[in-house]
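Colleague: Could you take a close look at one part of this model for me, the second largest pocket, and tell me what surrounds it? I would like to know which elements supply its lining, and how the parts around it are packed.

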Amino acid sequence: MLTVLLTSLVSFTITFLAIPAIMRVADQKKLFDVPDARKLHTRPIASLGGVGIFIGFLIPILISIPANTNPEFQYFIASAIVIFFLGLKDDILVISAKKKFLGQLAATAILVHLAGVRINSMHGFLGIYELPEIISILLSYITIIVTINAFNLIDGVDGLAGSLGVLTTAVFGVYFYLAGMPGYSMLSFTMMASLVAFLFFNFPPAKIFMGDSGSLLLGLTNALLVIKFINVADSAAGQFPITASVAIGFSILIVPLLDTLRVFSMRIYKGRSPFSPDRNHIHHLLLDRGLSHSAVTLSCVGLNLFFIAMAYFGRKVGSTVLLSSMITGWFLMIGVVINFWKSTPKLVIAKRYQRGETTTIQSSTKVVSMNSEAAIVEQ
């Protein structure tokens, strides 16, 4: 326990000290996330918080977790480096959704084929147990890529992705500690501590965003943790066995996962790319109904906690009934929000930082000049 606490403290300290330095560099180099008509902020804010999260997460892991006890971690670190630099490039330069997806595939391939991170069994969900190898590989790819994108897409409100990440990694950390798996417990709590430090600067009003470098890394970490949880939690031979591991694992990530699956499905149904931007995420729906950034964040975290408690205390009914109930409840709630809670009209001011121009300008970089500004007002 002492090692876990010390590792978490080191992670918190590194991130807490790194973020102000990153903000100063971003200010000097003019590396900002510029507001536009779709984004929710109205002033340029640095989007390199993921750099501080990555440093605060990686260094303690390399120091504290012996490679011989968890050999798959060396491949996870390699995958994390790939996903971090992919996100960092997207934070500074504009990269296409196709290139971003290919980078995610590369990071996922490292985990699945080299680290052996796979879902080998459905543990009774829909009456399915052991999976054929090809199905196991395919399902693992889908799980990892969807989870990566889920945290990337939920990062649309100050403090939301970070707060959900604190919740999910804390839950996984507690479980792996009770299950006698110190390596995974340290991995979970180290990410949690780094996110807590980051939230000091990201909770509304945000001074910095985590950017893709942070949200993609957070998604990758949660993908590893949830697959490991599903594989070991249902084992009667473990120190802390939990039935219905598939449903409980899903419940821990339910808000980002179901929000992403719902939005992806809507985009595909409308004949659009699932990665095309819009304003249909749960945080957009709640903001449009008058909630503040803080209220949206607290509501989503509270909702996620509710589903975790529902899954844990209802685990005896089995994964099939439990997961079906949670998904049904989620979509009923979304239906109520959309159909019975009227949106509140808002005046959105998006500032564009180009000399004397008010038309949309396509750019291949997020490095912006701060010499002049023009305001665009949209209803």
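Modeller: Happy to! In this predicted model, four helices each supply at least two residues of the lining of the second largest pocket: H5 (133–154), H8, H9 and H10. H5 gives the most, with five residues. The space in this pocket comes to about 390 Å³. Its lining is made up of 18 residues, and the closest to the pocket centre are Ile 119, Leu 139, Thr 143, Phe 250 and Leu 257. In chemical terms, 15 of the lining residues are nonpolar and three are polar, while no charged residues take part.

Let me stay with H9 for a moment, as one of the helices that supply the lining. This helix covers residues 245–252, and because eight of its eight residues are buried, H9 is largely enclosed by the rest of the structure. Phe 250 is one of those buried residues, and it is also among the residues closest to the centre of the pocket. The others that are buried in H9 are Ser 245, Val 246, Ala 247, Ile 248, Gly 249, Ser 251 and Ile 252. As for what covers them, the list includes H6 (160–178), H8 (211–233), H10 (254–269), H12 (293–313) and H13 (319–340). H8 and H10 thus appear both in that cover and among the helices that supply the pocket lining.

H8 also leads us to another helix, H2. The buried residues of H2 pack against H8, along with H1 (2–29), H3 (72–92) and H7 (182–202). Those buried residues include Gly 49, Gly 50, Val 51, Gly 52, Ile 53 and Phe 54, and further along Gly 56, Phe 57, Leu 58, Pro 60 and Ile 61. H2 itself has 16 residues, 49–64, and spans 23 Å from first C-alpha to last, close to the expected 22 Å.

For the wider setting, the protein has 13 helices and two strands, and 52% of its 379 residues count as buried. Of the contacts with a separation of 6 or more, 73% are between residues 24 or more positions apart.

A word on confidence, since you may want to work with the coordinates: the average pLDDT is 86, and 87% of the residues score at least 70. Residues 348–365 have a pLDDT below 50, although the model gives this stretch 46 contacts beyond near neighbours in sequence. Residues 367–379 also have a pLDDT below 50, with 40 such contacts in the model.

Terms used. Residues are numbered from 1 along each chain as its sequence is written. This is a predicted model: local features need pLDDT of at least 70, side-chain atom pairs count only at pLDDT 80 or more; totals for chains, interfaces and linings use all residues. Side-chain values use heavy atoms; hydrogens and water are left out. Buried means under 20% relative accessible area, exposed over 50%, partly exposed in between (1.4 Å probe, protein chains only). Contact means heavy atoms within 4.5 Å. On a 1 Å grid over the protein atoms alone, a cavity is a set of points where a 1.4 Å probe fits but cannot get out, and a pocket is an open set with protein on both sides within 12 Å along at least five of seven lines; lining residues have an atom within 4 Å of a point. Grid points are joined across faces, edges and corners, and a volume is the space filled by probe spheres set on the points. Ala, Val, Leu, Ile, Met, Phe, Trp, Tyr, Cys and Pro count as nonpolar, Asp, Glu, Lys and Arg as charged, and the others, Gly among them, as polar. pLDDT is the predictor's confidence in each residue, from 0 to 100. The expected span of a helix is 1.5 Å times one less than its number of residues.
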